Amino acid sequence: MIRLTFLLLMTAMLGACSMDQMLVRASKPLIEGGIHAMNQENDLQLAERAIPTNLNMLEGMIRIDPENSDLRVYAAQAYYGLGYGFNEDNRPRRAMNFYLRGLKHGLRALDINGYKNIRNSSMDELEAALENTDEDDLGALFWTASNWAKWIDQNRDKSESLIELPKPTALMQRVLDLDESFYYGGAHIYFGVIYGARSPMFGGDFKKSEMHFDRAREITNNQLLVVDLLQAQYLSRQKMDREDFHHRLTKIIEAPDDLLPELTLINQIAKRKAALLLKEEDKWF
């Protein structure tokens with residue numbers, strides 16, 4: 001009876017998906033292990049060369065199993081990292097294309113999970129759909145919103161892009177509501193930027209920005225350098241607070257390399273970006 005049950009289960013699985021799809025789905029622990037290993041990498045050049053290779057492999061797996069929302073989320077995360085970490089500062093158009101690719105994978109993940117046509121829905125329809133999301137959707141919500149907002153930022157000179165901003169913001173608000181600590185308080189970092197990047201006349205709120213950045217630091221025990229990086233880049237600059245801008249960026253550069261081993265790569269990227277921002281200090285203040 002046990003053997004018969006096993007054979008029936010295997011037959012059902014093979015009927016639902018091909019052997020290749022089964023192998024792809026069985027490789028999930030390897031993918032997650034690779035992501036953790038990449039996050040611990042301290043050599044930026046090595047990471048920049050490795051990410052495209054891993055992405056090509058991931059895209060190949062998606063071709064085999066296109067309805068796998070987990071693979072889509074991994075791809076959205078990887079494209080965001082490639083755009084922000086290695087292209088935005090000197091190849092903005094290339095970064096924009098990576099954000100768009102990540103956005104498409106994120107939207108497809110949400111679509112697979114049952115949240116259809118989010119990009120073209122009205123805000124009322126979007127809000128209604130988001131009410132049904134839960135913790136299982138956090139990755140798709142977070143990386144879709146992250147890529148979407150970055151793509152909009154890279155197209156800030158186009159009004160048709162800017163009018164989309166409330167949608168990724170609604171997605172990120174849902175992440176905040178479901179789990180404020182998800183991906184190291186990333187939703188708080190998002191809102192720190194959203195409220196800090198604009199003057200109060202145009203919807204900014206410096207107190208709310210500081211509150212979100214402070215909460216992100218609490219969640220990460222003040223070990224994730226990108227929090228201070230973005231606070232300096234957006235809030236301090238918007239407030240024309242040169243002293244705070246200089247202090248935060250200098251502190252980032254001087255921080256120990258092993259401050260947060262599990263996110264060494266992100267902290268190394270923050271150090272490089274801080275040095276680039278400091279070169280613009282005399283021009284901005």
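**Salt bridges, pockets and helix packing in the predicted model**

E281 is buried, with a relative accessible area of 8%, a value that falls under the 20% limit set for that class. The model is predicted, and every value given here was computed from its atoms. The side chain of E281 forms a salt bridge with that of R242, with an N to O distance of 2.9 Å. E281 belongs to helix 16 (residues 281-284) and R242 to helix 14 (residues 242-254), so the salt bridge ties together parts of the chain that lie 39 residues apart in sequence. In contrast to the buried E281, R242 is partly exposed, at 33% relative accessible area. A network of salt bridges with shared partners joins D214, R217, D228, D244, R248 and K251.

In total, the structure holds 22 salt bridges. One of them pairs D70 with K28, whose side chains meet at 3.1 Å from N to O. This pair also links distant parts of the chain, as D70 is in helix 5 and K28 is in helix 3, 42 residues away. Both partners are partly exposed: the relative accessible area is 34% for D70 and 33% for K28.

A salt bridge within a single helix is formed by E218 and R215, with their closest N and O atoms 2.8 Å apart. Both residues lie in helix 12 (residues 206-219), at a separation of 3 residues, or about one turn of the helix. Residues three or four places apart in an α-helix point the same way, because such a helix has 3.6 residues a turn. The two partners fall into separate accessibility classes: E218 counts as exposed at 51%, while R215 counts as partly exposed at 28%. The value for E218 is 51%, and the exposed class begins over 50%.

Empty space was examined next. The largest pocket has a volume of about 1,300 Å³. Its lining comprises 50 residues, with Y80, G81, Y84, W143 and S146 nearest the centre. By class, 37 of the lining residues are nonpolar, 9 are polar and 4 are charged. At least two lining residues come from each of helix 3 (28-39), helix 4 (44-64), helix 5 (69-86), helix 8 (138-154), helix 11 (182-196), helix 13 (226-238) and helix 15 (264-278). Helix 5 provides the largest share of this lining, 9 residues.

The second largest pocket contains about 630 Å³ of space. It is lined by 18 residues, and those nearest its centre are E88, R156, Q233, Y234 and R237. Helix 8, helix 13 and helix 15 are the elements that give two or more residues to this lining. The greatest contribution, 4 residues, is that of helix 13. The lining divides into 7 nonpolar, 3 polar and 8 charged residues, against the 37 nonpolar, 9 polar and 4 charged residues of the largest pocket.

Helix 5, which contributes to the lining of the largest pocket, also contains G85. This glycine is buried, with a relative accessible area of 2%. The C-alpha atoms of G85 and I269 are 6.0 Å apart, although the two residues are separated by 184 positions along the chain. When neighbours within four places in sequence are left aside, the contacts of G85 are Y80, I269 and R272. Of these contacts of G85, Y80 is also among the residues nearest the centre of the largest pocket.

Helix 6 (residues 92-112) has 21 residues and should span 30 Å at 1.5 Å a residue; the distance between its end C-alpha atoms is 30 Å, so the expected and computed spans agree. The buried residues of helix 6 are A95, M96, F98, Y99, G102, L103, H105, G106, L107, A109, L110 and D111. These buried positions pack against helix 4, helix 5, helix 8 and helix 10 (166-178). Of these packing partners, helix 4, helix 5 and helix 8 also each supply at least two residues to the lining of the largest pocket. Just after helix 6, G114 adopts a positive phi of about 110 degrees.

Conventions
Residues are numbered from 1 along each chain as its sequence is written. This is a predicted model: local features need pLDDT of at least 70, side-chain atom pairs count only at pLDDT 80 or more; totals for chains, interfaces and linings use all residues. Side-chain values use heavy atoms; hydrogens and water are left out. On a 1 Å grid over the protein atoms alone, a cavity is a set of points where a 1.4 Å probe fits but cannot get out, and a pocket is an open set with protein on both sides within 12 Å along at least five of seven lines; lining residues have an atom within 4 Å of a point. Grid points are joined across faces, edges and corners, and a volume is the space filled by probe spheres set on the points. Ala, Val, Leu, Ile, Met, Phe, Trp, Tyr, Cys and Pro count as nonpolar, Asp, Glu, Lys and Arg as charged, and the others, Gly among them, as polar. A salt bridge is a side-chain nitrogen of Lys or Arg within 4 Å of a carboxyl oxygen of Asp or Glu. Buried means under 20% relative accessible area, exposed over 50%, partly exposed in between (1.4 Å probe, protein chains only). Contact means heavy atoms within 4.5 Å. The expected span of a helix is 1.5 Å times one less than its number of residues.
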